[in-house]
Amino acid sequence: MNKRIKLFQSIHFKIALVFVLLLVVTLEVIGAYFVGQLQEQNISTFEDSIQLESYVTSQLSTALVNKDTTQANQTIKDIIANVNKSNISEIQVIDNRGIIRGTSNVNDQDAVGRRSTDQDVKKGIYNNRKLERISQDNRNQNYYVSITPLSNPTAESNATVGVVYVRANMEPVFDNITKIVQIFLAASLVAAVMGTLIAILISRAITKPIDDMKKQAIRMARGDYSGQVRIYGNDELGQLAVAVNNLSVRVEEAQEASEAERRRLDSVLSYMTDGVIATDRRGNVVIINDTAQDYLGKTEEETIGRSILDVLAISEDYTLRDLLEKQQEIILDMSDRSDKDLILHAYFSLIQRETGFISGLVCVLHDVTEQEKNEREQQQFVSNVSHELRTPLTSLRSYIEALNDGAWKDPKIAPKFLKVTQEETERMIRMINDLLSLSRIDRGTAKLDLEYVNLNEFLVYIINRFDMMIHSDEEHAEDSGAPKKHYVIKRDLTKQDIWLEIDTDKMTQVIDNIMNNAIKYSPDGGTITVRLFRSREHVLISIADQGLGIPRADLAKVFDRFYRVDKARSRKQGGTGLGLAISKEVVEAHHGRIWVNSTEGKGSTFYISLPYQPYDPGGDWDDETV
């Protein structure tokens, strides 16, 4: 923008050149007219100075009429000799026959009596008309020739008796004109030099404010509005300088407002949880925020300038006209282009001017993954609840119908039917209680009753209870003749006391769920291993069994509600499919984490990790005593 301008291209040179050319042309025109008038005036003066007086021409005419040639020639010679004209080089008197009768040139007296060879002399005699001419001799000297007819003074008619040939040297005249022209040229040259200097000064005075305004405009284009144009006067350039200064202030204010608005827009776009994409009227992306880049898995360089149809990968289903005319909402499943599930809701809106001209599109991308997931889980949950309740209700209805049809009278069948009815009823009650527990956790109404407990003693208490339950089940099976199963619970607990703030009832429910699953799915003679570890910031509880294991594809789903790896066996053993889901919610409410590792056919290991901080049981007592 600030490219250096060559001298011949600058307005400073052009203005000075215009002034100089005007001055030169003016001087040339005046000089040409002056020299022409001077030459004409000098020649006219010169002609007047060499004209013969009328009495001389009258005497010459009288002498030519005299028939005595010798006397007449002498008279003519005397008359010519008496003419005192310093500018006249030669005077010849020629009669009407073309015979030279007298000459003032003393060196050419032999020409008297000869016939004149000058054609203008003949024309003057025959035409009776005065002739004048300026000629050059063989030495390139200018001379003036005047041929004046002489009339017969005695005759009534103007009969030509001869002519007077006057020849005068004009070199002094032309020398004088040349000197005057030289003086004029010297004066013109001085005037031209002075005019050039004045033109340069004037052009500088004109172009200096313009150059200042140009520099200010360049600074403004670069974003520097601090400078001000100097005002040299109150003329048009001064008013223009004032306008440029005002413009600089206005542009700076507008730029600051625009920059502030841009920063606000950038901040809004950067911190928006929704993705925003703006396009020009051709559908090419011009603005995209960070959220939209994260959603699409593309950088700004990969999206700016590309069609929004290609960026959103919808070019096969939609055209730009579809988006402009319908502005419909589009669901985009980005899971195939992302490492995680991602479903976007795309809203389109037009960018229109007041005239109605459409200058682009705005697309807002809203992440509806959780919403869609929740809706699917809700639908699946309702379906699962319906299915889980329908099975025991169908069983109840069947057994009740059988009892109503008379089976209650059979002393062998009736107790069995009533026992099944009782078990199914208890199963539905457990399921409803589990559902209520999950509902309270989801709503955030389930509060934790926290207390500090020694985790070693807490686990020992639960394991002892399960030992007694296993021993009781073995005795009951032996008394009833049912097949006996032997289980062994192995303990691998740290000897250090680990004090932890937990809700004992809910954590008991979590460990009971995992232990019950381990016992249910462990084979006869299986070993259930319970371990307790402590790291610097966490406590880790693991419960491992030697059961059927969980397929790798199902590991991520075991904590889902109503999910069962072996559905038939789970229902047969009275499971609701909600125990692990409740366990996960309880552990996460304690700011912990629960997960499972399993190898199909070799058993499963459930891990519970809880945050741990060293507990000083004497600190509170000390504070109270103070």
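**Exercise 1: strand 5 and its partners**

Is strand 5 (residues 160–169) mostly covered or mostly open, and how many of its residues are buried? Work it out on this predicted model, then find the strands that pair with strand 5.

*Solution.*
- Step 1. Go along the strand and apply the cut-off: a residue is buried when its relative accessible area is under 20%. In strand 5, 8 of the 10 residues pass, so the strand is mostly covered.
- Step 2. Now look for partners. Strand 1 (residues 88–95) pairs with strand 5 over 7 bridges, in the antiparallel sense. To pin that down on screen, pick Ile88: its bridge partner in strand 5 is Ala168.
- Step 3. Strand 4 (residues 142–151) is also joined to strand 5, here by 9 bridges, and this pair runs antiparallel too. A handy spot to check is Ser151, which stands opposite Thr160 of strand 5.
- Step 4. Keep the background in mind: strands of a sheet pair through backbone hydrogen bonds, either parallel or antiparallel.

**Exercise 2: a five-stranded sheet**

Find the open sheet of 5 strands and write down its strand order. Then name its edges and check one of the pairings.

*Solution.*
- Step 1. Tracing neighbours across the sheet gives the order 7-6-10-9-8, with antiparallel pairing.
- Step 2. The edges are strand 7 (285–288) and strand 8 (330–333), each of which pairs on one side only.
- Step 3. How are neighbours turned? On average, adjacent strands in this sheet are at 25° to each other, ignoring direction.
- Step 4. For the check, take strand 6 (residues 275–279) and strand 10 (residues 358–367): they run antiparallel and share 4 bridges. Gly275 is a good place to zoom in, since its opposite number in strand 10 is Leu365.

**Exercise 3: a nonpolar patch**

Which residues make the nonpolar surface patch of about 430 Å², and which element supplies the largest share?

*Solution.*
- Step 1. Select Phe19, Val190, Met194, Ile198 and Ile202; together they make the patch.
- Step 2. Sort them by element. Helix 5 (residues 171–221) brings the largest share, with 4 residues.
- Step 3. Take one member as a test case: Ile198, found in helix 5. Its relative accessibility is 46%, so Ile198 counts as partly exposed. That fits the patch rule, which asks for over 30%.

**Exercise 4: positive phi without glycine**

Look at Asn128 and His591. What are their phi values, where do they sit, and how exposed is each?

*Solution.*
- Step 1. Asn128 has phi near 55°, which is positive in a residue other than glycine. His591 is not a glycine either, and its phi is about 65°.
- Step 2. Place them. Asn128 lies in the loop between helix 4 (119–127) and strand 3 (131–136). His591 belongs to the loop between helix 16 (579–589) and strand 16 (593–599).
- Step 3. Check the cover. With a relative accessible area of 34%, Asn128 is partly exposed. His591 reaches 68%, so it counts as exposed.

**Exercise 5: the whole chain**

Zoom out and put together an overview of the protein.

*Solution.*
- Step 1. Count elements: there are 17 helices and 17 strands.
- Step 2. Burial: 36% of the 626 residues count as buried.
- Step 3. Surface: about 38800 Å² is exposed, and carbon and sulfur atoms supply 51% of that.
- Step 4. Contacts: among those with a separation of 6 or more, 58% link residues 24 or more positions apart.

Notes: Residues numbered from 1 in each chain as written. Predicted model: local features only at pLDDT ≥ 70, side-chain atom pairs only at ≥ 80, totals over all residues. Heavy atoms only, no water. Patch = residues over 30% accessible without salt bridge, like charges linked within 9 Å, V, L, I, M, F, W, Y side chains within 5 Å. Areas by Shrake-Rupley, 256 points an atom, 1.4 Å probe, with all protein chains shown as cover. Salt bridge = Lys/Arg side-chain N within 4 Å of Asp/Glu carboxyl O. Helix = DSSP H or I, 4+ residues; strand = E, 2+ residues; numbered from the N terminus. Buried < 20%, exposed > 50% of the residue type's maximum accessible area, 1.4 Å probe, protein only. Pairing = 2+ DSSP bridges. Contact = heavy atoms within 4.5 Å. Axes fitted to C-alpha atoms, helices over the stretch in contact; angles between N-to-C directions.
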